[in-house]
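Please read the points below with the model open beside you. They take up the ligand and its surroundings, and then the sheet.

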Amino acid sequence: MRIYVAESYENMSRKAANILSAQVILNPNSVLGLATGSTPIGMYKQLVSWYNKGDLDFSQVKSVNLDEYVGLSPDHDQSYRYFMQKNLFDHVNIDPANTNVPDGLAADPDEACRRYNQIIRDLGGIDIQVLGMGHNGHIGFNEPDDAFELETHVVDLQESTIEANARFFASKDEVPRRAITMGIKNIMQARQILVLVSGEGKADIVKAAFTGPVTPRVPASILQLHPNVALVGDKAALSKL
Ligand code: GLP
(Lines give C-alpha, C1' and ligand atoms only; values in the text may rest on other atoms or scores of the structure.)
Protein backbone atom coordinates (compact mmCIF):
# COMPACT_ATOMS: atom_id res chain seq x y z
CA MET A 1 0.00 0.00 0.00
CA ARG A 2 1.22 3.49 -0.82
CA ILE A 3 0.25 6.18 1.68
CA TYR A 4 0.01 9.80 0.59
CA VAL A 5 -0.19 12.26 3.46
CA ALA A 6 -1.77 15.59 2.54
CA GLU A 7 -1.60 18.83 4.50
CA SER A 8 -5.27 19.64 4.04
CA TYR A 9 -8.54 18.49 2.48
CA GLU A 10 -7.75 20.55 -0.65
CA ASN A 11 -4.32 18.98 -0.93
CA MET A 12 -5.79 15.48 -0.44
CA SER A 13 -8.33 16.20 -3.18
CA ARG A 14 -5.63 17.35 -5.58
CA LYS A 15 -3.41 14.32 -4.93
CA ALA A 16 -6.37 11.98 -5.50
CA ALA A 17 -7.37 13.85 -8.66
CA ASN A 18 -3.79 13.54 -9.89
CA ILE A 19 -3.88 9.75 -9.48
CA LEU A 20 -7.25 9.46 -11.23
CA SER A 21 -6.22 11.76 -14.08
CA ALA A 22 -2.97 9.87 -14.59
CA GLN A 23 -5.13 6.79 -15.13
CA VAL A 24 -7.37 8.60 -17.65
CA ILE A 25 -4.43 10.15 -19.52
CA LEU A 26 -2.50 6.88 -19.72
CA ASN A 27 -5.60 4.92 -20.72
CA PRO A 28 -8.36 7.09 -22.22
CA ASN A 29 -10.65 4.01 -22.26
CA SER A 30 -10.37 3.48 -18.52
CA VAL A 31 -13.15 1.99 -16.44
CA LEU A 32 -13.40 4.19 -13.36
CA GLY A 33 -15.08 2.85 -10.24
CA LEU A 34 -16.55 5.93 -8.59
CA ALA A 35 -17.71 6.76 -5.08
CA THR A 36 -19.99 9.27 -3.43
CA GLY A 37 -19.97 10.76 0.09
CA SER A 38 -18.57 14.10 1.17
CA THR A 39 -14.91 13.02 1.01
CA PRO A 40 -14.44 12.80 -2.80
CA ILE A 41 -16.30 16.03 -3.62
CA GLY A 42 -13.08 18.08 -3.71
CA MET A 43 -11.45 15.51 -6.01
CA TYR A 44 -14.35 15.75 -8.47
CA LYS A 45 -14.14 19.56 -8.37
CA GLN A 46 -10.46 19.38 -9.22
CA LEU A 47 -11.10 16.99 -12.12
CA VAL A 48 -13.78 19.32 -13.51
CA SER A 49 -11.38 22.25 -13.26
CA TRP A 50 -8.63 20.37 -15.14
CA TYR A 51 -11.21 19.27 -17.72
CA ASN A 52 -12.18 22.92 -18.23
CA LYS A 53 -8.54 23.78 -18.82
CA GLY A 54 -8.40 21.14 -21.54
CA ASP A 55 -6.15 18.77 -19.60
CA LEU A 56 -8.59 15.86 -19.41
CA ASP A 57 -10.79 14.04 -21.89
CA PHE A 58 -13.54 11.73 -20.63
CA SER A 59 -15.02 10.93 -24.04
CA GLN A 60 -13.89 7.29 -23.95
CA VAL A 61 -14.08 6.78 -20.19
CA LYS A 62 -16.56 4.35 -18.67
CA SER A 63 -17.71 4.50 -15.08
CA VAL A 64 -19.36 2.23 -12.55
CA ASN A 65 -20.47 3.59 -9.21
CA LEU A 66 -20.26 1.65 -5.99
CA ASP A 67 -23.75 1.98 -4.65
CA GLU A 68 -27.22 3.54 -4.65
CA TYR A 69 -30.05 3.87 -2.15
CA VAL A 70 -33.05 1.62 -2.75
CA GLY A 71 -36.15 3.69 -3.41
CA LEU A 72 -34.55 6.96 -4.54
CA SER A 73 -35.08 8.08 -8.11
CA PRO A 74 -32.17 9.43 -10.18
CA ASP A 75 -33.50 12.97 -9.77
CA HIS A 76 -33.88 12.79 -5.98
CA ASP A 77 -31.24 15.19 -4.69
CA GLN A 78 -29.86 12.57 -2.28
CA SER A 79 -29.62 9.75 -4.79
CA TYR A 80 -26.10 8.79 -5.75
CA ARG A 81 -26.98 9.12 -9.47
CA TYR A 82 -27.94 12.75 -8.79
CA PHE A 83 -24.70 13.24 -6.80
CA MET A 84 -22.61 11.98 -9.72
CA GLN A 85 -24.44 14.15 -12.25
CA LYS A 86 -24.02 17.29 -10.13
CA ASN A 87 -20.44 16.68 -9.03
CA LEU A 88 -18.94 15.25 -12.21
CA PHE A 89 -20.94 13.92 -15.14
CA ASP A 90 -22.83 17.14 -15.98
CA HIS A 91 -19.54 19.06 -16.16
CA VAL A 92 -17.33 16.83 -18.32
CA ASN A 93 -17.59 15.13 -21.71
CA ILE A 94 -18.30 11.63 -20.42
CA ASP A 95 -20.93 9.85 -22.56
CA PRO A 96 -24.03 9.39 -20.33
CA ALA A 97 -24.44 5.93 -21.85
CA ASN A 98 -21.04 5.01 -20.40
CA THR A 99 -21.97 5.87 -16.82
CA ASN A 100 -23.41 3.22 -14.53
CA VAL A 101 -25.02 3.55 -11.11
CA PRO A 102 -27.08 0.72 -9.55
CA ASP A 103 -30.82 1.11 -10.20
CA GLY A 104 -32.39 2.17 -6.91
CA LEU A 105 -35.89 1.96 -8.38
CA ALA A 106 -35.64 -1.55 -9.86
CA ALA A 107 -38.86 -3.51 -9.30
CA ASP A 108 -36.64 -6.52 -8.58
CA PRO A 109 -33.53 -5.26 -6.74
CA ASP A 110 -31.88 -8.72 -6.74
CA GLU A 111 -32.19 -8.85 -10.50
CA ALA A 112 -30.72 -5.31 -10.65
CA CYS A 113 -27.74 -6.61 -8.65
CA ARG A 114 -27.18 -9.49 -11.09
CA ARG A 115 -27.37 -7.05 -14.00
CA TYR A 116 -24.84 -4.79 -12.30
CA ASN A 117 -22.34 -7.64 -11.86
CA GLN A 118 -22.76 -8.40 -15.53
CA ILE A 119 -22.15 -4.75 -16.48
CA ILE A 120 -18.86 -4.80 -14.54
CA ARG A 121 -17.84 -8.08 -16.20
CA ASP A 122 -18.79 -6.83 -19.68
CA LEU A 123 -16.63 -3.75 -19.12
CA GLY A 124 -13.69 -6.05 -18.43
CA GLY A 125 -13.46 -5.11 -14.76
CA ILE A 126 -12.53 -1.86 -13.05
CA ASP A 127 -9.18 -0.15 -13.68
CA ILE A 128 -9.26 2.07 -10.61
CA GLN A 129 -11.83 2.03 -7.81
CA VAL A 130 -12.27 5.15 -5.70
CA LEU A 131 -13.37 4.48 -2.12
CA GLY A 132 -14.30 6.55 0.88
CA MET A 133 -14.78 4.93 4.26
CA GLY A 134 -17.68 4.95 6.68
CA HIS A 135 -17.01 5.49 10.40
CA ASN A 136 -17.78 1.81 10.95
CA GLY A 137 -15.32 0.77 8.23
CA HIS A 138 -17.86 0.29 5.49
CA ILE A 139 -16.77 0.58 1.87
CA GLY A 140 -19.48 1.28 -0.66
CA PHE A 141 -22.35 0.14 1.55
CA ASN A 142 -20.67 -3.10 2.68
CA GLU A 143 -21.55 -2.89 6.34
CA PRO A 144 -19.76 -4.77 9.17
CA ASP A 145 -21.03 -8.35 9.17
CA ASP A 146 -20.09 -11.97 9.92
CA ALA A 147 -18.86 -12.57 6.38
CA PHE A 148 -17.77 -10.56 3.36
CA GLU A 149 -20.51 -10.29 0.72
CA LEU A 150 -18.86 -11.02 -2.59
CA GLU A 151 -20.84 -9.40 -5.37
CA THR A 152 -23.43 -6.66 -5.83
CA HIS A 153 -26.20 -7.14 -3.30
CA VAL A 154 -29.02 -5.44 -1.44
CA VAL A 155 -28.00 -4.40 2.05
CA ASP A 156 -29.88 -3.27 5.16
CA LEU A 157 -28.11 -0.14 6.33
CA GLN A 158 -26.91 -0.07 9.90
CA GLU A 159 -28.36 2.41 12.36
CA SER A 160 -24.99 4.19 12.61
CA THR A 161 -24.88 4.64 8.81
CA ILE A 162 -28.44 5.95 8.71
CA GLU A 163 -27.53 8.41 11.47
CA ALA A 164 -24.30 9.47 9.74
CA ASN A 165 -26.15 10.11 6.48
CA ALA A 166 -29.20 11.77 8.07
CA ARG A 167 -27.40 15.13 7.79
CA PHE A 168 -28.07 15.10 4.07
CA PHE A 169 -31.83 14.52 4.45
CA ALA A 170 -34.60 16.68 5.93
CA SER A 171 -34.89 14.15 8.77
CA LYS A 172 -33.54 10.75 9.79
CA ASP A 173 -36.87 9.16 8.82
CA GLU A 174 -36.25 10.06 5.21
CA VAL A 175 -32.96 8.15 4.96
CA PRO A 176 -33.57 4.96 2.96
CA ARG A 177 -33.13 1.77 4.98
CA ARG A 178 -31.67 -0.26 2.16
CA ALA A 179 -29.12 0.16 -0.59
CA ILE A 180 -27.63 -1.71 -3.51
CA THR A 181 -23.86 -1.97 -3.28
CA MET A 182 -21.03 -3.63 -5.12
CA GLY A 183 -19.64 -6.45 -3.02
CA ILE A 184 -16.16 -6.99 -1.68
CA LYS A 185 -15.16 -9.21 -4.60
CA ASN A 186 -16.24 -6.56 -7.15
CA ILE A 187 -14.11 -4.04 -5.29
CA MET A 188 -11.12 -6.33 -4.72
CA GLN A 189 -11.02 -7.30 -8.40
CA ALA A 190 -10.36 -3.67 -9.37
CA ARG A 191 -6.82 -3.40 -10.71
CA GLN A 192 -6.10 -0.39 -8.51
CA ILE A 193 -7.79 1.08 -5.45
CA LEU A 194 -7.74 4.72 -4.42
CA VAL A 195 -8.94 5.28 -0.84
CA LEU A 196 -9.69 8.80 0.34
CA VAL A 197 -9.97 9.72 4.00
CA SER A 198 -10.32 13.10 5.60
CA GLY A 199 -10.73 14.51 9.09
CA GLU A 200 -9.94 13.50 12.65
CA GLY A 201 -13.23 11.60 12.88
CA LYS A 202 -11.85 8.92 10.55
CA ALA A 203 -8.50 8.44 12.37
CA ASP A 204 -9.60 5.49 14.55
CA ILE A 205 -11.28 3.54 11.76
CA VAL A 206 -8.33 4.18 9.41
CA LYS A 207 -6.04 2.70 12.04
CA ALA A 208 -8.32 -0.31 12.61
CA ALA A 209 -8.73 -0.93 8.88
CA PHE A 210 -5.09 -0.73 7.86
CA THR A 211 -3.22 -1.96 10.95
CA GLY A 212 -5.78 -4.25 12.60
CA PRO A 213 -6.87 -7.79 11.70
CA VAL A 214 -8.56 -8.43 8.36
CA THR A 215 -12.16 -9.06 9.33
CA PRO A 216 -15.65 -8.56 7.87
CA ARG A 217 -16.39 -6.62 11.08
CA VAL A 218 -14.24 -3.87 9.53
CA PRO A 219 -14.98 -4.27 5.82
CA ALA A 220 -12.21 -1.88 4.69
CA SER A 221 -9.62 -4.13 6.38
CA ILE A 222 -9.83 -6.46 3.35
CA LEU A 223 -7.93 -3.79 1.41
CA GLN A 224 -4.77 -4.92 3.23
CA LEU A 225 -4.87 -7.93 0.90
CA HIS A 226 -5.09 -5.90 -2.32
CA PRO A 227 -1.77 -5.57 -4.19
CA ASN A 228 -2.29 -2.04 -5.50
CA VAL A 229 -3.82 0.39 -3.02
CA ALA A 230 -3.16 4.11 -2.75
CA LEU A 231 -4.38 5.59 0.53
CA VAL A 232 -4.66 9.37 0.28
CA GLY A 233 -5.60 11.23 3.40
CA ASP A 234 -5.15 14.46 5.22
CA LYS A 235 -2.92 14.55 8.30
CA ALA A 236 -5.86 14.35 10.70
CA ALA A 237 -7.31 11.16 9.19
CA LEU A 238 -3.87 9.49 9.00
CA SER A 239 -2.70 10.69 12.43
CA LYS A 240 -3.07 7.29 14.12
CA LEU A 241 -1.35 5.14 11.50
C1 GLP B 1 -21.55 6.63 2.51
C2 GLP B 1 -21.20 5.94 1.17
C3 GLP B 1 -19.76 5.50 1.11
C4 GLP B 1 -18.90 6.61 1.68
C5 GLP B 1 -19.16 6.76 3.15
C6 GLP B 1 -18.38 7.88 3.82
O7 GLP B 1 -22.51 6.00 3.26
N8 GLP B 1 -22.03 4.85 0.79
O9 GLP B 1 -19.41 5.18 -0.22
O10 GLP B 1 -17.54 6.30 1.50
O11 GLP B 1 -20.54 6.84 3.43
O12 GLP B 1 -18.93 9.13 3.57
P13 GLP B 1 -18.19 10.48 3.85
O14 GLP B 1 -17.15 10.61 2.78
O15 GLP B 1 -19.25 11.52 3.72
O16 GLP B 1 -17.59 10.39 5.21
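**Notes on the ligand site and the sheet**

1. The ligand occupies the largest pocket, where a pocket is an open set of points on a 1 Å grid over the protein atoms alone, with protein on both sides within 12 Å along at least five of seven lines, and a molecule sits in it if more than half of its atoms lie within 2 Å of its grid points. This is a predicted model, in which local features need pLDDT of at least 70 and side-chain atom pairs count only at pLDDT 80 or more, while totals for chains, interfaces and linings use all residues. Residues are numbered from 1 along each chain as its sequence is written, and side-chain values use heavy atoms, with hydrogens and water left out.

2. Around the ligand stand 13 residues (a heavy atom within 4 Å), and the closest are Ser38, Thr39, Asp67, Phe141 and Lys202. This shell divides into three nonpolar, seven polar and three charged residues.

3. Polar side-chain atoms of Ser38 and Thr39 lie 2.5 Å and 2.4 Å, respectively, from an oxygen atom of the ligand.

4. The open sheet has seven strands in the order 1-10-9-6-2-3-5, with parallel pairing. Strand 1 (2-6) and strand 5 (99-100) stand at the edges with a single partner strand each, so one side of each has no neighbour in the sheet. Strands (DSSP runs of E, at least two residues) pair if DSSP finds at least two bridges between them.

5. Strand 6 (residues 128-131) pairs with strand 9 (residues 192-197) in the parallel sense over four bridges, and Gln129 stands opposite Ile193 in strand 9.

How values were computed:
A polar contact is a pair of N or O atoms within 3.5 Å; within protein, one must be able to donate a hydrogen and the other to accept it, and residues adjacent in sequence count only if both atoms are side-chain atoms. On a 1 Å grid over the protein atoms alone, a cavity is a set of points where a 1.4 Å probe fits but cannot get out, and a pocket is an open set with protein on both sides within 12 Å along at least five of seven lines; lining residues have an atom within 4 Å of a point. Ala, Val, Leu, Ile, Met, Phe, Trp, Tyr, Cys and Pro count as nonpolar, Asp, Glu, Lys and Arg as charged, and the others, Gly among them, as polar.
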